[in-house]
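Me: I would like a close look at a single part of this model, with the surroundings described only as far as they help to place that part. Please take it slowly and keep the reasoning visible.

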Amino acid sequence: YFIDWKSDGDSYFTIDGTEGTIATNELLDRESTAQYNFSIIASKVSNPLLTTKVNILINVLDVNEFPPEISVPYETAVCENAKPGQIIQIVSAVDRDLSPAGQQFSFRLSPEAAIKPNFTVRDFKNNTAGIETQRNGYSRRQQELYFLPVVIEDSSYPVQSSTNTMTIRVCRCDSDGTILSCNVEAIFLPVGLSTGALIAILLCIIILLVVLYVALRRQKKKDTLMTSKEDIRDNVIHYDDEGGGEEDTQAFDIGALRNPKVIEENKIRRDIKPDSLCLPRQRPPVEDNTDIRDFINQRLQENDLDPTAPPYDSLATYAYEGNGSVAESLSSIDSLTTEADQDYDFLTDWGPRFKVLADLFGEEESYNPDKVT
């Protein structure tokens, strides 16, 4: 015996060549293929040319492997003014298995939801059930959605069952039970406001919040400025009248005088732009007969042209009195060549304070060192 390989069932079944026993070659799935049709050929061993072909029809029996499921709809509605014991929805079940004649489905509420239920399941024993209310009225403001777990069980072997969750939405209805509105807008508009009115109210609230936020920011900024002005510890006073005054934008930085390193690193005067960099000054030896006025003028010119000299607003003292002095010069630099030509008798006219000088520079015979104190 052998299977006609031209048929479609050669891959799912096999046959014993001597006994003629047909066996399955692969797992069968009734949900994909419920019936197979192929041919078996029998021939004599002594004369293989003598053959006979027979058609074989195999029906795959169903095994209860799928649980029943609730049919649509999975979502229903209940009115706010519903009464206890009112049926709000009738449900049925479907099974992907090939249900035998007399297949029965049973419906019940899951054990965890049976404690103080808002809804219950009433089994009508005809493969249908009803969702029954357990409260006197429902409020959308308190709870808009309820989730009801329903257990469905079949009667085949082995028994299969499943838990299906139904969504129950609370809606606004009229006195006859006709649903008027179930959306979120109805929760916030119980007095019948339109969508445009709700949007306008929300826009006004948003604008008021923005204005309030801006006002608070400005008030906070104003308080900060006032606090900064009133607290004298936070004020920093700048005096920019250094050097040549407020009009002098190239005033000397007094910070350089306080930091010796800055003086060494930056020796260029900031108050006067030098014409050219000068080499370190070399003082020429003073001749013996150089006039002191020319000597001072020479030193003054050297300091004016020297970039390393102190700023021009510093104090320089020259201990030389010119011809304009009332007391004239007391220095011996401009004295007469000989002491004989000098007359110091006028010192006696200057009072007791100049008595020692009068004795020193008076006549030689009147000078006694022992009497000088």
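The part I have in mind begins at lysine 125, which is found in the loop between β10 and β11. Which strands does the sheet around that loop contain, in what order do they lie, and which residues have the most contacts inside the largest nonpolar core?

Reply: Since this is a predicted model, what follows describes computed geometry. Lysine 125, in the loop that leads from β10 to β11, has a positive phi of about 65° although it is not a glycine. With a relative accessible area of 64%, lysine 125 is exposed, because the cut-off for that class is over 50%. A comparable description applies to lysine 116, whose place is in the loop between β9 and β10: its phi is positive, at about 50°, and lysine 116 is not a glycine either. Lysine 116 also counts as exposed, at 78% relative accessibility.

The two strands that flank the loop of lysine 125 belong to an open sheet of four strands, in which the order is β6-β8-β11-β10 and the pairing is antiparallel. The edges of this sheet are formed by β6 (69–70) and β10 (119–123), each of which pairs on one side only. Further in, strand β8 (residues 87–94) and strand β11 (residues 128–133) run antiparallel and are joined by five bridges. One of the residues involved is serine 92, whose bridge partner in β11 is threonine 128.

From the sheet one can pass to the packing of side chains. The largest nonpolar core has 22 residues, and those with the most contacts inside it are Phe107, Phe119 and Ile131. At least two residues of this core come from each of β8, β9 (106–109), β10, β11, β12 (145–153) and β13 (161–173), while the largest share, four residues, is supplied by β12. The surroundings of isoleucine 131 can be listed in full: leaving aside neighbours within four places in sequence, isoleucine 131 is in contact with Gln86, Ile87, Ile88, Gln89, Phe119, Thr120, Val121, Leu148, Val150, Met166 and Ile168. Apart from the core of 22 residues lies another, of eight residues, with Phe13, Ile15, Tyr36 and Ile58 among them.

Two details concern β12 and what follows it. The loop between β12 and β13 contains proline 158, and the peptide bond that leads from tyrosine 157 to proline 158 is cis, with omega near -5°. Among the eight aromatic pairs that the structure holds is the one between tyrosine 138 and tyrosine 146, whose ring centres are 5.7 Å apart and whose planes stand at 75°, so that the pair is edge-to-face. Both partners are buried, tyrosine 138 with a relative accessible area of 3% and tyrosine 146 with one of 6%.

Elsewhere in the chain, Tyr12, Phe13, Tyr36 and Phe38 form one aromatic cluster. Serine 39, found in strand β4 (residues 35–43), is buried at a relative accessible area of 10%, and its side chain is joined to that of asparagine 55 by a polar contact of 2.8 Å.

As a frame for these details, the secondary structure of the protein chain comes to six helices and 14 strands, and 23% of its 373 residues count as buried.

How values were computed: Residues are numbered from 1 along each chain as its sequence is written. This is a predicted model: local features need pLDDT of at least 70, side-chain atom pairs count only at pLDDT 80 or more; totals for chains, interfaces and linings use all residues. Side-chain values use heavy atoms; hydrogens and water are left out. Buried means under 20% relative accessible area, exposed over 50%, partly exposed in between (1.4 Å probe, protein chains only). A polar contact is a pair of N or O atoms within 3.5 Å; within protein, one must be able to donate a hydrogen and the other to accept it, and residues adjacent in sequence count only if both atoms are side-chain atoms. Two strands pair if DSSP finds at least two bridges between them. Rings of Phe, Tyr and Trp (its six-membered ring) pair if their centres lie within 6.5 Å; planes under 30 degrees apart count as stacked, over 60 as edge-to-face and the rest as tilted. A nonpolar core is a set of buried Ala, Val, Leu, Ile, Met, Phe, Trp, Tyr and Cys residues joined through side-chain atoms within 4.5 Å. Contact means heavy atoms within 4.5 Å.
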